[in-house]
Amino acid sequence: MISTAAVRAEDAALANKLDPNAKEIDDKVLAASAAVKVEDGKYKDKDGDPTFHIVNDGKKVDWFMYSGYRRYHAECHVCHGPDAMGSTYAPALKDSLKHLNYSEFMGILAGGKQDVNSSDQKVMPAFADNKNVMCYADDLYVYLRSRAAGAWGRARPGEHEDKPDSAKATEKDCLGG
């Protein structure tokens, strides 16, 4: 016999899964994503890879995570779904970034990827020549990493750090402005 408390616990677990803003914390990915240093407003993990920085009880994000959110929803969400949740024909990048490292992500983003078998064909186009993607590749990685770690839920970042001068210069150089 199932107790009333067990049923209520199951209902609560289901309600949490249905909450579109609920965070799905992955402790292992979150720990690996910890920012240990900052250079010119860009946060880095212990390996020197770009990572996110969220403060004020989860209300304020770093500039690059905010920029990555914006770029993702301008370029990637059409295939990979809103908030990196996936679609019927492209994987959830919030899950892919749990096992892809920075260099693997950059390689797929620039060179594309094909998974073809007798019953399925999945093709990620190469974006190496798309400045609207490649000039912001680190930003995309940072946003997707925050989603993979569960540090950021399904919401537009509200508060964010100011855009660092180094980001302005890099953007100008990359876009040819």
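Colleague: Does Lys42 count as buried or exposed?
Modeller: The model is predicted: local features need pLDDT of at least 70, side-chain atom pairs count only at pLDDT 80 or more, and totals for chains, interfaces and linings use all residues. Residues are numbered from 1 along each chain as its sequence is written, and side-chain values use heavy atoms, with hydrogens and water left out. A residue is buried under 20% relative accessible area, exposed over 50% and partly exposed in between (1.4 Å probe, protein chains only). At 19% relative accessibility, Lys42 therefore counts as buried.

Colleague: Which residue meets Lys42 in a salt bridge?
Modeller: A salt bridge needs a side-chain nitrogen of Lys or Arg within 4 Å of a carboxyl oxygen of Asp or Glu. In the bridge of Asp138 and Lys42 the N to O distance is 2.9 Å. The two are 96 residues apart, Asp138 in helix 8 and Lys42 in strand 2; helices (H or I, at least four residues) and strands (E, at least two) are DSSP runs numbered from the N terminus. The partner of Lys42 is thus a residue with a relative accessible area of 17%, the buried Asp138.

Colleague: Over the face of which ring does Lys42 lie?
Modeller: A charge sits over a ring if NZ of Lys or CZ of Arg is within 6 Å of the ring centre and within 35 degrees of the ring normal. Arg71 has its charged end over the ring of Tyr136, 3.6 Å from the centre. Lys42, at 4.9 Å from the ring centre, lies over the face of Phe64.

Colleague: What is the order of the strands in the sheet?
Modeller: Two strands pair if DSSP finds at least two bridges between them. Strand 1 and strand 2 (residues 42–44) run antiparallel and are joined by three bridges, with Glu39 opposite Lys42. The three strands form an open, antiparallel sheet, whose edges are strand 1 (37–39) and strand 3 (50–51), each pairing on one side only. The order is 1-2-3.

Colleague: Of the ten salt bridges, which residue meets Glu24 in one?
Modeller: The side chains of Lys94 and Glu24 come to 3.4 Å, N to O. Lys94 is in helix 5 (residues 93–96) and Glu24 in the loop between helix 1 (4–18) and helix 2 (27–32), so the pair ties together parts that are 70 residues apart in sequence. The residue that meets Glu24 is buried, with a relative accessible area of 8%: Lys94.

Colleague: Which residue joins Glu24 and Lys94 in one network?
Modeller: Lys94 has a salt bridge with Asp95, with 3.1 Å between the closest N and O atoms. Asp95 is partly exposed, with a relative accessible area of 36%. Through salt bridges that share partners, Glu24 and Lys94 are in one network with Asp95.

Colleague: How many aromatic pairs are there?
Modeller: Rings of Phe, Tyr and Trp (its six-membered ring) pair if their centres lie within 6.5 Å; planes under 30 degrees apart count as stacked, over 60 as edge-to-face and the rest as tilted. Ring pairs also link Tyr69, Tyr72 and Tyr143 into a cluster. By this rule the number of aromatic pairs is five.

Colleague: How far apart in sequence are Trp63 and Tyr66?
Modeller: Trp63 is buried at 11% relative accessibility, and Tyr66 is buried at 11% as well. Both lie in helix 3 (residues 63–75), where their separation is about one turn, or three residues.

Colleague: What is the angle between the ring planes of Phe105 and Tyr141?
Modeller: Phe105 is buried at 8% relative accessibility, and Tyr141 is buried with a relative accessible area of 3%. The ring centres are 5.4 Å apart and the pair counts as tilted, so the angle fits that class, at 50°.

Colleague: Which cysteine is joined to Cys135?
Modeller: A disulfide is a pair of cysteine sulfur atoms within 2.5 Å, and the count comes to one. The link of Cys135 and Cys174 is left-handed, with -85° about the S-S bond. Cys135 lies in the loop between helix 7 (131–134) and helix 8, 39 residues from its partner in helix 9 (residues 165–175). At S to S 1.8 Å, Cys135 is joined to Cys174.

Colleague: How far is the sulfur of Cys79 from the closest cysteine sulfur?
Modeller: Cys79 is partly exposed at 36% relative accessibility, whereas Cys76 is buried at 14%. The closest sulfur to that of Cys79 is in Cys76, too far for a bond, at 8.6 Å.
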